[in-house]
Amino acid sequence: MKTLLLSFLLICTSSVILSQSFSIEGELKDESGNPLAFVTTLLLKSSDTSLVKAKISDANGRLVFREIATGSYILQLSSVGFEDSRTEVDVLNRDIQLGAITLKAAREALEEVNIVAEKPIVEVLADKTVFNVDKTINATGNNGFELLRKAPGVIIDNNNSIIVEGKTGVQIYIDGRPSILRGQDLINYLETLQSTDIDSIEIITQPSSKYEAAGNAGIINIKLKRNKSLGTNGSVTAGFIQGRFPRVNSSLSLNNRGKKINIYGTYSNRFGDSYGFINLDRTQNGTRFDARTTSKFDQNNHNIKTGVDYYANSKNTFGIIVTANFNNSIGSSSSRTPIIPFGDAQPEEILLARSESDNVSSNFNSNFNYKFSDTLGHELNMDLDYGRYSSDRVNFQPNIYVNSQESDTLRSSVARFITPIEIDILAGQADYEQNFLKGKLGLGGRISYVSTQNVFDFFDVIDGQDIFNTDQSNTFNYTEQINAAYFNFNRKWNSINIQFGLRVEQTLSEGDLSSTQENDNELVKRDYTNFFPSGGITYTLNRKNSLALTYSRRIQRPSYQSLNPFQYKIDELSFRQGNPFLQPQYTNNIRLAHTYNYRLTTSVSYSYISDYFAQVTEAVGENQNFIITRNVANQKVYNLGVSYPGKINNWWSIYVSLNAFRSEFEATSEDFISVDQNTLSFYGQNTFQLPADLKMEVSGWFSSPSIWGGTYQTKSLGSLDVAFQKKFLNERMTARVAFSDILYTIPWRGETQFGDLFITGNGGSDSRQVRFSLNYNFGRSEIKKARKRSTGIEEEQNRIDN
């Protein structure tokens, strides 16, 4: 009887113990100690390897299995780019804390993997928004500048300035390096980049202290395609565009990658004419000047990029990149300006002006990079860059005044300008990272030196002869050196991630004007030092919700040409002048973002911009005006942003991005009128998978009335695009056709006032187009993990005007 009772008690006790459940928890990290998100995790029974449960790690690399019975298990981990891992786990009447589990980066094994993952059109990440150009069919035939209009939250204004979240002053990067160009030369370069050359566009609104402090609205990084396949491979693309005029483009890329050496190169071009128009109706001193101008540009652009990576061993890598851009642009424009006194029905006289320009420019950049990285979290990146930009421009400008019937010539003025520019930039930087206080510490510094030479030779053309005008000619030399150092620290505590840093930049500059004219601004020297703090806190509330609070202080320095105090003649009634006393503008940004289910992102932000500078038009005398950049106001921007990439079903996916912002300008100049404006910008994209492997895309963007450059109050504008794609030859050949700006709603309309001068205007280009492209990929396609690399040429290169 005692034996039976004891046996009964043992059975009951065992049943209670065996019926209990426990949990298994751990944190997945890479070899540098960074958390690994979305790792596939399988819990298998040790006895027969049957599946018990499957999970993926969350955004912070955390892994939790609940309600696990006692027993022996195998934890199997797998993620693209890392070696598979197996860990034995025994659950014996208690919860299991595995701690940190490190996955090793895949090396030789990954070379055999054939990756066919499908990227989304837009990825909303913690520190940036990524627009994957190759995944949108409507990118077909677009060049790099046109693609910026399609990027989420980006607006292009009438002066081709880029606006992000209601703020101007964006720094353009190419492959992690600030561009050497700005103004029309930057646009010309971006127009030579075809959509088939561009992998993605990254929009970074709150850069950390590791990035240069320049850029009020942050950074847009255009990442060019880089083949990651082993062996020899490449692609060839041909495109045709029909707007008002036909254009053609083509590109070729080649890559040879082995285990030790990777050699690659690309070439792209663009040929053809483009069309533009601008109408400016100006009222000044009781007289109306109704200027209407049309332009045609024949652009021949060539881009070359070549590079070598040498993987010395698992810790040391060396690389060289050389890029070159050649541009020959021949432009012609004609304008007709009736000059009408108030109260008169007929013009007093009419100005007929032409402008014929021939601009040959070249842009050369070279980079040497060394990278050291070990398995203990130490990483060193060193970059040395040299860039040279040269431009030879000749402009012929006849101005003829005729009577109101245009039957008699009243007077004329003919001039020719020769305006060569040479810019040399040398930069060096070093970035170091290591594990520190259970987090990651980053330290770095850089030095950049810029030298520019600008010559403006003015010739009066009299009886067909060029007569040098010493009073209208000048030389402007400008040098600038920026010394910078920074630190950045990042650490995670459970569900909280903290990042903070500080960047210090010293700017030394000197502008020297040489001319025969008396000028009080002949030599301007500057020496100033600024501190730029940045930081952020990310808090994961639960598996589907996270919050991020970020702050940064940034600077926007004037472009080199905007500091040149000499006058450049646009036509008989208008000219452009630089401002040597133009001050940098500073921005303080704070942003709170919420992410739901890794997809829906909602953010609110506030920015305060001091010493805001804008391009304004001022009156001179009775009938002339000049364009100059001045510090005119302080600006406040309140922004609400919402973005969502989603999939309706297996044949329909969408992406929507919305920004609602309010801009308030508080005048600091007596001639500037304080204005404020509420603006809504929207971008939407629908992708449909149709029968017969045909893909269709319908996309569009819209911007409600807004303020451009602090002065132009503009009307609504937008675009509707439709595109189709079909693949052939085992998906090696891709054909695309796209219809852009179908409703022709991109042209702008607006008005501005500065002092007693008032302008209403409109303008645009041949944005309504049909575009076709054909791409063929050849060679091997086995993917090998490419090293992450960004080079170090400095942001000052991005401040060159045409």
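**Exercise 1. Determine the exposure class of Ile263 and place the residue in its surroundings.**

Solution. Ile263 has a relative accessible area of 44% and is therefore partly exposed; buried means under 20%, exposed over 50%, and partly exposed in between (1.4 Å probe, protein chains only). The model is predicted, so that local features need pLDDT of at least 70 and side-chain atom pairs count only at pLDDT 80 or more, while totals for chains, interfaces and linings use all residues. Residues are numbered from 1 along each chain as its sequence is written, and side-chain values use heavy atoms, with hydrogens and water left out.

Next, locate the residue: Ile263 belongs to strand S18. Strands (E, at least two residues) and helices (H or I, at least four) are DSSP runs numbered from the N terminus.

Finally, consider the surface. Ile263 contributes to a nonpolar patch of about 1000 Å², whose other members include Phe318, Phe364, Leu384 and Tyr449. Such a patch consists of residues with over 30% relative accessible area and no salt bridge, nonpolar side chains (Val, Leu, Ile, Met, Phe, Trp, Tyr) being joined within 5 Å. Areas come from the Shrake-Rupley method with a 1.4 Å probe, and for residues only the protein chains shown count as cover. Two or more patch residues come from each of S18, S19, S20 (316–341), S21 and S22 (379–402).

**Exercise 2. Describe the setting of Asn367 and the partners of its side chain.**

Solution. Asn367 sits in strand S21 (residues 349–373). Its relative accessibility is 2%, so Asn367 counts as buried. The side chain of Asn367 forms polar contacts with the side chains of Asp383, at 3.1 Å, and Asp385, at 3.0 Å. A polar contact is a pair of N or O atoms within 3.5 Å; within protein, one must be able to donate a hydrogen and the other to accept it, and residues adjacent in sequence count only if both atoms are side-chain atoms.

**Exercise 3. Explain which parts of the chain the salt bridge of Glu349 and Arg411 ties together.**

Solution. The closest N and O atoms of Glu349 and Arg411 are 3.1 Å apart; a salt bridge requires a side-chain nitrogen of Lys or Arg within 4 Å of a carboxyl oxygen of Asp or Glu. Because Glu349 lies in strand S21 and Arg411 in strand S23 (residues 409–418), the pair joins parts 62 residues apart in sequence. Glu349 is buried at 11% relative accessibility, whereas Arg411 is partly exposed at 41%.

The structure contains 22 salt bridges. Glu212, Arg446, Arg503, Glu505 and Arg557 are connected in a network of them.

**Exercise 4. Identify the residues that touch the most other members of the largest nonpolar core.**

Solution. This core has 40 residues, and those touching the most other members are Leu148, Val154, Ile162, Leu190, Ile201, Ile220 and Ile222. Helix H3 (residues 183–192) gives the most to the core, namely four residues. A nonpolar core is a set of buried Ala, Val, Leu, Ile, Met, Phe, Trp, Tyr and Cys residues joined through side-chain atoms within 4.5 Å.

**Exercise 5. Compare the settings of Asn285 and Asn730.**

Solution. Asn285 has a positive phi of about 50 degrees although it is not a glycine, and phi of Asn730 is near 55 degrees. Asn285 lies in the loop between strands S18 (261–284) and S19 (287–311); Asn730 lies in the loop between strands S41 (717–728) and S42 (733–740). Asn285 is partly exposed at 44%, whereas Asn730 is exposed at 77%.

Terms used. Patches are made of residues with over 30% relative accessible area and no salt bridge: like charges are joined within 9 Å, nonpolar side chains (Val, Leu, Ile, Met, Phe, Trp, Tyr) within 5 Å.
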